[in-house]
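Here is a set of short exercises to help you find your way around a new structure. Try each task on your own, then read the worked solution below it.

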Amino acid sequence: MNEFTHVDGQGRVRMVDVGEKLPTKRVAVAKGTVLMSMETLAAIVDEKVKKGNVLETARIAGIMAAKQTWSLIPMCHPLNITHARVDFFDDKENSCIHIEAEVSLTEKTGVEMEAMTAVSVAALTIYDMCKAYDKGMEISNIHLAFKSGGKSGTYTAPETSL
């Protein structure tokens, strides 16, 4: 197992020094799911939610969150993200919306946290906009699906059932 890089020899947390690393192209894709009632899913897909277009609002929130990850997660570096996208896939069979975020840049550190933050905030935005319809919505399975670039190379997560 790799050593924890955010802890020094005395057990104190620290921000990793990436100053000597070479910039490389880095991409991360994260995924997650929001489970809900069929009625709530239909209201979102048909754009009948009174607060407005849920998915476009969640898309903007996710992209904004990716750009602000450094201000939310203590040991994340401020990054000059060059691309961020958040997409949604409605799944009527499982009564849910799948979220996928991709974030990329050419930098000295990766964007895994930025992609997962984008998915998390997009999911929370869906919940916020629809909680009057369905307080029982569940946010689940937020995970890193893919990453490339940097010293550790490429990672692809195994497929999940939802």
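## Exercise 1: Histidine 143

**Task.** Find the element that holds histidine 143 and decide whether this residue is buried or exposed.

**Solution.** Start with the place in the chain: histidine 143 sits in strand 4, which covers residues 138-148. Keep in mind that you are looking at a predicted model. Next, take the accessibility. The relative accessible area of histidine 143 is 17%, and a residue is buried under 20%, so histidine 143 is buried. Last, look at what surrounds this side chain. Setting aside neighbours within four places in sequence, histidine 143 is in contact with Val29, Ala30, Lys31, Met116, Ala157 and Thr160.

## Exercise 2: The overall plan

**Task.** Work out how many helices and strands the chain has, and in what order they run.

**Solution.** Count the elements to begin with: there are four helices and five strands. Then walk along from the N terminus, and the order reads β-α-α-α-β-β-α-β-β. For the dimensions, take the principal axes: the C-alpha atoms fill a box of roughly 50 × 30 × 30 Å. Of the 162 residues in the chain, 39% are buried. Finally, consider contacts between residues at least 6 apart in sequence: 70% of them join residues at least 24 apart.

## Exercise 3: The faces of helix 1

**Task.** Say which residues of helix 1 are buried and what they pack against.

**Solution.** Go through residues 38-45, the span of helix 1: Thr40, Leu41, Ala43 and Ile44 are buried there. Now look down the helix axis. These buried residues fall within an arc of 160°, so they line one face of helix 1. Then ask what that set of residues meets: the buried residues of helix 1 pack against helix 2, strand 2 (83-91), strand 3 (96-107) and helix 4.

## Exercise 4: The nonpolar core

**Task.** Find how many residues the largest nonpolar core has and which element gives the largest share.

**Solution.** A general idea helps first. In soluble globular proteins, nonpolar side chains tend to be buried together. Here, the largest nonpolar core has 32 residues. Met36, Ile44, Val54, Phe88, Ile97, Ile99 and Ile126 have the most contacts inside this core. Next, sort the core by element: strand 1 (24-35), helix 1, helix 2, strand 2, strand 3 and helix 4 each supply at least two residues. Helix 4 gives the largest share, with eight residues.

Now zoom in on one member. Beyond residues up to four places away in sequence, valine 54 touches Ile44, Val49, Ile126, Met129 and Cys130.

Helix 4, residues 112-130, also holds threonine 125. The relative accessibility of threonine 125 is 13%, so this residue counts as buried. With residues up to four places away in sequence left out, threonine 125 touches Thr57, Ala58 and Ala61.

## Exercise 5: Two positive phi angles

**Task.** For glutamate 47 and serine 95, give the loop that holds each residue and decide whether each is buried or exposed.

**Solution.** Start from the general rule: most residues other than glycine have a negative phi. Glutamate 47 is not a glycine, yet its phi is positive, at about 55°. This residue comes just after helix 1, in the loop between helix 1 and helix 2. With 54% relative accessibility, glutamate 47 counts as exposed.

Serine 95 is not a glycine either, and its phi is positive at about 50°. Serine 95 lies in the loop between strand 2 and strand 3. Its relative accessible area is 10%, so serine 95 is buried.

## Exercise 6: A cavity

**Task.** Find which residues line the largest cavity and which classes they belong to.

**Solution.** Search the whole structure first: one cavity of 30 Å³ or more turns up. The volume of the largest cavity is about 30 Å³. Its lining is made by Ala66, Lys67, Thr69, Trp70, His77, Leu79, Ile81 and Glu114. Helix 2 (54-67) and helix 3 (69-72) are the elements that give two or more residues to this lining. Sorted by class, the lining has four nonpolar, two polar and two charged residues.

## Exercise 7: Proline 158

**Task.** Locate proline 158 and decide whether this residue is buried or exposed.

**Solution.** Look in the segment after strand 5 (155-156), where proline 158 is placed. At 63% relative accessibility, proline 158 counts as exposed. To finish, compare positions in space and in sequence: proline 158 and alanine 145 are 13 residues apart along the chain, and their C-alpha atoms are separated by 7.8 Å.

Note on methods: Residues numbered from 1 in each chain as written. Predicted model: local features only at pLDDT ≥ 70, side-chain atom pairs only at ≥ 80, totals over all residues. Heavy atoms only, no water. 1 Å grid on protein atoms, 1.4 Å probe; cavity = no way out; pocket = protein on both sides within 12 Å on 5 of 7 lines; lining within 4 Å. Points joined across faces, edges and corners; volume = space filled by probe spheres on them. Nonpolar A, V, L, I, M, F, W, Y, C, P; charged D, E, K, R; others polar. Buried < 20%, exposed > 50% of the residue type's maximum accessible area, 1.4 Å probe, protein only. Contact = heavy atoms within 4.5 Å. Arc of directions from axis to C-beta. Core = buried A, V, L, I, M, F, W, Y, C linked by side-chain atoms within 4.5 Å.
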